Amino acid sequence: ETAIPICAKDISDDLMKEFAFLSGGRGKDKAWIITLPDNARFNEVPEEIVSKVLTYLTSVPSQHESDTKFILILDRRLDTWTSVKMTLQKIAASFPGNLHLVMVLRPTGFFQRTFTDIGFRFSQEDFLLKLPVVMLSSVSDLLTYIDEQQLTPEFGGTLEYCHSEWVIFRTAIESFALTVKEIAQMLQSFGTELAETELPDDMYSIERILALRTEKYYQLKEDITAVTKEGNLLLSSFEEPDAGECSQDQHCERPGDWETVNRLLGQLREMETAFDGFWEKHQLKMEQYLQLWKFEQSFQEVKNAIEFLMGQQAELPDTGDSVPQVKQRLKDLGHFDGMAQDLIGKAQVVILHGHQLAANHHYALNLICQQCNELRHHSDVLSDEIKRKQMRLQKTLDLHTRLQQALQCCDEGAYLLANQQMDKCQSKEGAQKALQDIERFLESSSAYLNYDPQALHYDFESVLTSELKCQIQSVQVKLENVRSMFENRQACFKKLLDKHVRPVQLVAPRPENPPRSKSPLFSPKHVTPWSSSHCIPFLFQIEVMHDYQEKRNSLQSFISDSDDNLDILKGHVINELIETERVYVEELFTVLTGYRAEMDNPAMLILMPPMLRNRKDVLFGNMPEIYDFHNKIFLHSLESCLGAPERVGCCFLDRRQDFQMYEKYCQNKPRSESLWRQCSESTFFQECQRKLEHKLGLDSYLLKPVQRLTKYQLLLKELLKYSTSCDGVQELQEALVAMLDLLKSVNDSMHQISITGYD
């Protein structure tokens with residue numbers, strides 16, 4: 001079985017022998033004409049080659065039409081009957097198409113024509129069984145079957161045909177068709193690559209792939225443009241100058257070359273259109289994929305940052321034990337809120353980006369909307385939590401402010417009673433004036449002295465902690481004590497007014513020993529909890545305390561004379577011990593954060609004198625150690641004695657070794673004071689004092705540990721006076737001795753370091 005040749009170039013040498021050609025002419029029944037010109041050497045051509053050539057010639061019009069018919073014109077005018085017979089036999093044996101008719105121009109020689117007539121007559125039946133053969137005597141007989149416009153000039157026709165050009169055109173057409181097929185395969189391969197290649201996980205690689213694919217797309221577009229140009233050039237070669245004047249029928253008589261090229265160009269245009277549409281969709285998807293990748297990166301970064309802030313926010317306290325602490329925490333929370341708002345702003349930008357992608361009909365619309373909602377939810381939760389803590393801290397600050405005002409009122413009231421001169425109150429006028437002073441004070445302070453604890457608990461229930469409840473209880477006890485003191489004093493003055501007699505002279509006993517240092521317990525100069533720090537110079541404070549001690553002893557004698565319960569006074573001293581301890585801890589904290597920590601602040605370095613740099617241990621000594629001891633240990637021990645006064649002595653005895661740290665602080669005090677004198681006027685200290693809103697300088701606060709140490713023995717003496725027949729008296733006595741020994745030890749060590757020049 002003969003294989004069909006792929007293209008004309010495979011048999012171009014055999015085609016160029018021109019023993020058969022397809023001129024493009026057609027018979028009256030539209031059968032295509034294949035001409036076998038007069039060639040004495042036709043029978044020498046191998047049957048295989050004849051079969052290939054005839055198969056190719058019949059395949060050309062069969063590409064465009066179904067049920068194609070053919071007419072063979074055998075020009076054998078110069079041949080012999082024997083050759084004609086062999087040709088007919090060869091055609092009958094190997095013609096591959098639907099052979100409609102064979103027209104033979106028989107030999108024109110006298111003898112050969114006679115032989116042909118006789119031979120054909122005897123062989124006609126054999127030929128008719130296989131081939132419909134018509135013997136023609138001349139070209140004019142041929143014109144009776146085929147129009148002259150469908151015949152080439154050698155048969156008396158007008159159809160122009162050049163065999164070599166036809167072979168060249170057929171080769172070009174088939175080469176163009178092969179190129180179009182290769183373009184189609186390239187486009188298919190490119191499409192498969194785009195569909196099956198997995199995209200990487202990093203943005204740079206994705207952008208690189210998109211750039212390479214875009215470059216390849218434009219390269220393919222250039223190839224398509226070049227092939228289209230080639231096809232249009234080839235198509236124009238088939239159009240004759242008068243092609244516009246030819247009828248549609250004439251146009252269709254061409255042998256299919258024009259139609260083939262035009263059809264291939266149409267396919268090329270369709271492929272290009274489809275390829276452009278595919279690329280546009282792919283490019284859009286790639287760009288959207290890149291947009292989604294960037295969006296998800298931004299989403300994940302902001303989400304992680306919000307979750308990190310949420311973790312930090314969870315660690316921020318929403319309460320506090322004092323006004324400075326709550327204010328500091330509100331300030332910290334405000335700074336934290338600023339960072340959170342910046343991050344929430346970034347989240348809003350990411351959400352806006354997501355909405356823009358959704359508005360542009362992104363293919364991952366549902367995912368983008370879900371992540372936008374998730375980001376919005378996280379932002380709202382963070383913002384709500386910060387607002388909740390701000391509200392709690394603000395409410396806690398309001399509570400502390402109320403407690404501070406109540407304590408200040410108690411101190412002012414107690415100071416008023418302590419400063420009433422009892423010798424002037426013995427007369428009716430003096431008693432009446434003192435009673436009016438008391439009534440005026442009670443009227444102006446009724447909002448604080450008569451506050452309802454239940455109402456306070458109800459108003460601040462949402463922020464109450466165990467520490468705050470203890471503070472409220474402590475304030476309540478103090479208020480009750482003060483109210484009781486005022487009631488007793490009022491009752492006493494009223495008795496004086498009713499009897500109009502001179503009361504027994506109350507003599508205030510002098511203190512056993514002048515105290516080294518004591519701050520007035522109820523003096524307006526005294527520092528109260530939850531208030532701005534205030535310090536009295538050391539020597540002046542001793543004098544004020546001495547004067548106050550006399551007045552307090554007078555007040556105690558007056559209360560005792562009124563049969564007041566000693567437990568009230570004992571509870572009052574314990575409250576003062578705890579409250580002043582809290583103030584002391586807060587003052588140390590303020591100094592350490594507002595001065596000492598600022599020495600490490602790079603922004604404050606420019607304000608710091610050179611001699612002060614890296615010398616915070618000289619200026620502050622071991623104040624951090626003292627602060628940690630009182631804040632973490634001793635204050636909590638004292639607070640546990642609020643309802644158990646008998647445990648106060650044990651608190652001091654259990655921690656007597658820890659108090660030795662004061663010896664180190666006092667020994668460093670001369671060095672600290674010397675450094676302070678050299679740098680006290682520096683801008684650094686002024687700026688720190690301005691930030692803290694302190695009225696007094698740092699030196700007043702550096703004196704606090706010394707003052708506090710002398711304060712303990714005075715309070716222990718007071719407590720011991722009201723605990724003569726109570727539990728824990730022995731421990732109180734031992735605690736007082738221990739604190740007095742500590743003061744002596746500190747004084748001795750201070751004297752010792754002043755002695756120089758001796759071994």
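**Exercise 1.** In this predicted model, decide whether arginine 596 is buried or exposed, and find which residue meets its side chain in a salt bridge.

*Solution.*
- Step 1. The relative accessible area of arginine 596 is 18%.
- Step 2. Buried means under 20%, so arginine 596 is buried.
- Step 3. The side chain of arginine 596 meets that of aspartate 617 in a salt bridge, at 3.0 Å from N to O.
- Step 4. This pair links distant parts of the chain: arginine 596 belongs to helix H17 and aspartate 617 to helix H18, 21 residues apart.

**Exercise 2.** Find the salt-bridge partner of glutamate 581, and state where the two residues lie.

*Solution.*
- Step 1. The partner is arginine 708, with the closest N and O atoms 2.8 Å apart.
- Step 2. Glutamate 581 sits in helix H17 and arginine 708 in helix H24 (residues 704–721); the pair links distant parts of the chain, 127 residues apart.
- Step 3. Glutamate 581 has a relative accessible area of 0% and is therefore buried.
- Step 4. Arginine 708, at 5%, is buried as well.

**Exercise 3.** Classify the accessibility of lysine 17 and of aspartate 14, whose side chains meet in a salt bridge.

*Solution.*
- Step 1. The N to O distance in this salt bridge is 3.7 Å.
- Step 2. Lysine 17 has 45% relative accessibility, so this residue counts as partly exposed.
- Step 3. Aspartate 14 is buried, with a relative accessible area of 15%.
- Step 4. For context, a search of the whole structure finds 27 salt bridges. Asp318, Glu385, Arg388 and Arg392 are linked in a network of such bridges.

**Exercise 4.** Describe the phi angle and the surroundings of asparagine 614 and lysine 30.

*Solution.*
- Step 1. Most residues other than glycine have a negative phi.
- Step 2. Asparagine 614 is not a glycine, yet its phi is positive, at about 60°. The residue lies in the loop between helix H17 (566–596) and helix H18 (616–620), and it is exposed, with a relative accessible area of 83%.
- Step 3. Lysine 30 also has a positive phi, near 65°. Its loop runs between strand S1 (21–26) and strand S2 (32–36). At 46% relative accessibility, lysine 30 counts as partly exposed.

**Exercise 5.** Which strands stand at the edges of the open sheet of 5 strands?

*Solution.*
- Step 1. The strand order is S1-S2-S3-S4-S5, with mixed pairing.
- Step 2. S1 and strand S5 (133–136) each have a single partner strand, so they stand at the edges, with one side of each lacking a neighbour in the sheet.
- Step 3. From one strand to the next, the twist averages 25°.
- Step 4. S1 pairs with S2 in the antiparallel sense over 3 bridges; arginine 26 has tryptophan 32 in S2 as its bridge partner.

Definitions and conventions
Residues are numbered from 1 along each chain as its sequence is written. This is a predicted model: local features need pLDDT of at least 70, side-chain atom pairs count only at pLDDT 80 or more; totals for chains, interfaces and linings use all residues. Side-chain values use heavy atoms; hydrogens and water are left out. Helices (H or I, at least four residues) and strands (E, at least two) are DSSP runs, numbered from the N terminus. Buried means under 20% relative accessible area, exposed over 50%, partly exposed in between (1.4 Å probe, protein chains only). Two strands pair if DSSP finds at least two bridges between them. Axes are lines fitted to C-alpha atoms, for helices over the stretch in contact, and angles run from 0 to 180 degrees between N-to-C directions. A salt bridge is a side-chain nitrogen of Lys or Arg within 4 Å of a carboxyl oxygen of Asp or Glu.
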